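Q: Please take a close look at one part of this model, the packing of a pair of neighbouring helices, and then follow the chain outward from there. I would like the residues named, so that I can find them in the viewer.

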Amino acid sequence: MNTNIKYTALALAGAALTMSSCSESFLEVDSPTQDFIDTYFTTDEHVQEAVVAAYDPLQWPDWNGSQYNPVNIMSDIMADDIWVGGASKTDNQFWHLMMNYEALPNNCMSGLWTVAYSGVKRCNDVIEYIDWAGTNITEANAKYYEAQVRTLRVFYYNWLWKFWGNIPYYEENLTAPFLCDQISADEVYANMIADLEGAIALNALDMRSSAADYGRVTKAMQYMLYAEIVMYQKDTTRYSQALKYMQEIINSGSYSLMADFGEIFKETGEWSSESIWEINYKDDNAYRSWSNPLAAGGTVLPRLIGPDSWTVGLDGHDNGWGFCPVRTECYNMYDDADARRDATCWNAAAAGSYNNRYQDTGLFLEKYCAHTGDNADQIADGDLNYNNNLRIYRYSECLLNAAELILEGAGSGDGAGYLNQVRNRAGLADAALTIDNIIEERHLEFVGEGKRYWDLVRTGKAASVLTPDSYGYRTNSWKESKKYLPIPQSEIDAAQNTLTQNPY
């Protein structure tokens with residue numbers, strides 16, 4: 001499937017590398033067959049290996065061996081488009097608790113915390129290794145590697161910052177006893193944006209990668225990440241710069257909207273003209289397995305969100321486990337002429353029969369549903385090896401970001417034109433440039449992509465939109481004290497009570 005960068009678990013610090021030696025000189029023995037870590041990572045080739053390893057954790061949230069934490073779903077279950085589903089409200093119970101804004105420190109999303117800090121650690125490693133390698137790496141390559149991992153580090157911290165806010169933050173890996181000061185969400189933002197600005201200033205990345213490097217971060221990805229965190233923080237002092245970045249992407253000619261919205265999420269739509277950045281998954285010789293969940297391969301997300309006991313191949317779909325049924329209200333918000341409706345919401349109830357599970361609506365997320373054949377070439381466990389790349393940033397979001405920033409007074413430009421390019425592609429008529437129209441367009445465009453919840457929070461709409469439903473599934477209302485999840489109790493304990501729990 002992908003001929004581009006694979007996030008491959010490399011044995012960079014395992015049996016082949018000796019991590020430390022005794023402090024007494026008479027006990028220090030050089031191994032005739034093994035490299036020490038500070039001598040291994042002194043060549044361009046080996047630093048490149050570490051850079052690839054820094055991408056690995058991007059794949060892990062869907063299943064890290066202990067929890068299912070697909071980031072798009074973890075965001076959207078707290079919004080208003082999908083239910084949690086599954087067998088009952090105790091199946092993946094922490095998902096149901098998150099959906100109802102009652103997550104508990106000892107029953108909450110902990111897997112993503114671990115995955116994100118694993119990514120931070122690996123990025124920090126690379127920066128240290130570049131220093132070790134010195135003149136063994138050209139200046140251009142050193143900047144190229146540094147720009148990638150600093151951007152990735154901000155991306156990993158962005159997960160932590162948005163879900164937990166007040167977190168430990170470090171840019172050099174910790175030493176024993178491995179404790180770090182917890183800082184406020186505002187301080188985390190200040191560090192993140194400074195780091196990202198530094199990565200952008202290296203000017204080491206192309207606006208768009210060549211096919212051989214699909215999956216690596218690019219200048220356009222940096223710009224999209226910049227706009228995301230600046231707009232979420234409502235840092236109006238940087239809105240002008242964010243708009244310049246969006247317009248630089250637009251004017252580059254490197255990206256454009258796909259004519260057919262329904263093609264975006266098919267295998268043929270991966271790394272299309274609309275795709276600014278994706279997380280790669282593959283089924284070709286994929287060997288990810290239940291006993292080796294961090295191995296290179298595919299994703300379990302399509303299996304999670306398909307209808308249970310579906311007849312494989314019927315309507316082109318595979319069966320699933322019945323999580324994340326799309327809400328009826330989500331389907332109904334689309335105009336009949338909107339091409340995004342059926343490309344987003346698959347009406348399985350109308351296409352065949354299956355085992356109805358908890359919160360079933362008959363509707364499933366077509367964007368990431370399991371399609372027959374999408375794991376055909378895997379060589380391990382089919383459940384874990386679907387080839388659906390996770391779309392992180394699309395050109396349509398760049399257009400809508402630019403429209404919103406212009407409306408906010410960040411600069412000049414055809415904000416209405418940007419908005420209506422997205423609407424017209426969907427088959428809809430022009431709309432006026434208002435914040436409500438932009439946020440509603442984002443709602444229609446990005447169902448299931450992990451955008452909606454954060455849009456409601458950053459625009460102040462969460463408290464009025466995220467309220468109890470008529471079904472009795474969500475009984476609590478969102479409020480400001482629910483903005484951050486509780487820090488997992490296991491992390492509080494491991495930090496020897498130096499972390500302050502978030503109010504929740």
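A: In this predicted model, H7 and H8 pack at an angle of about 155°, and their axes are 11 Å apart. Angles over 145 degrees count as roughly antiparallel, and H7 and H8 are therefore described as roughly antiparallel to each other. The crossing in which H7 passes H8 is left-handed. On the H7 side the contact is made by Asp186, Tyr189, Met192, Ile193, Leu196, Glu197, Ala199 and Ile200, while H8 contributes Gln222, Tyr223, Leu225, Tyr226, Ile229, Val230 and Gln233. Sorted by class, the residues of this contact divide into 11 nonpolar, 2 polar and 2 charged. The spacing of several of these positions can be read with the helix geometry in mind: an α-helix has 3.6 residues a turn, so residues three or four places apart point the same way.

The chain between these two helices, H7 (185-201) and H8 (219-233), is a loop, and Arg216 lies in it. Is Arg216 buried or exposed? Its relative accessibility is 14%, and because buried means under 20%, Arg216 counts as buried. Arg216 also brings together parts of the chain that are distant in sequence, in that its C-alpha atom is separated by 8.9 Å from that of Val52, although the two residues are 164 residues apart along the chain.

H8 has a second helix partner to consider, H6 (residues 139-164), which packs with H8 at an angle of about 30°, with the axes 11 Å apart. Angles under 35 degrees count as roughly parallel, and H6 is therefore roughly parallel to H8. The crossing of H6 and H8 is left-handed. From H6 the contact takes in Ala147, Thr151, Val154, Phe155, Asn158, Trp161 and Lys162, and from H8 it takes in Met221, Gln222, Leu225, Glu228, Ile229, Tyr232 and Gln233. By class, the contact of H6 with H8 has 8 nonpolar, 4 polar and 2 charged residues. If you compare the lists, Gln222, Leu225, Ile229 and Gln233 of H8 take part in the contact with H6, and they also take part in the contact with H7.

A further link from H8 (219-233) leads to Glu397, a residue of helix H14. Leaving aside its neighbours within four places in sequence, Glu397 is in contact with Met224, Ile392, Arg442, Phe446 and Lys451. At 5% relative accessibility, Glu397 counts as buried, because it falls under the 20% limit.

Two of these partners of Glu397 point to the next elements. Arg442 is one of the buried residues of helix H16 (residues 435-445), where Ile438, Ile439, Glu441, His443, Leu444 and Glu445 are buried too. The buried residues of H16 pack against helix H12 (340-344), strand E8, helix H14 (395-407), helix H15 (415-425) and helix H17 (452-458). For one of these partners, H15, the geometry can be given in detail: H15 and H16 pack at an angle of about 35°, with their axes 11 Å apart, and H15 passes H16 in a left-handed crossing. Here Leu419, Val422, Arg423 and Arg425 of H15 meet Asn437, Ile438, Glu441 and Glu445 of H16, and the residues of this contact divide into 3 nonpolar, 1 polar and 4 charged.

Ile392, the other partner, brings us to strand E8 (residues 390-394), in which Arg391 lies. Arg391 counts as buried, because its relative accessibility is 3%. A polar atom of the Arg391 side chain lies 2.7 Å from the backbone oxygen of Ile264, and the backbone oxygen of Asn389 likewise lies 2.7 Å from a polar atom of that side chain. Beyond its neighbours within four places in sequence, the surroundings of Arg391 consist of contacts with Ile264, Phe265, Lys266, Gly269, Glu270, Trp277, Glu278 and Tyr368.

Note on methods
Residues numbered from 1 in each chain as written. Predicted model: local features only at pLDDT ≥ 70, side-chain atom pairs only at ≥ 80, totals over all residues. Heavy atoms only, no water. Helix = DSSP H or I, 4+ residues; strand = E, 2+ residues; numbered from the N terminus. Buried < 20%, exposed > 50% of the residue type's maximum accessible area, 1.4 Å probe, protein only. Polar contact = N/O pair within 3.5 Å; in protein donor to acceptor, adjacent residues only side chain to side chain. Contact = heavy atoms within 4.5 Å. Axes fitted to C-alpha atoms, helices over the stretch in contact; angles between N-to-C directions. Parallel < 35°, antiparallel > 145°, perpendicular 65-115°, else oblique. Left-handed = near helix turned anticlockwise from the far one by under 90°. Nonpolar A, V, L, I, M, F, W, Y, C, P; charged D, E, K, R; others polar.
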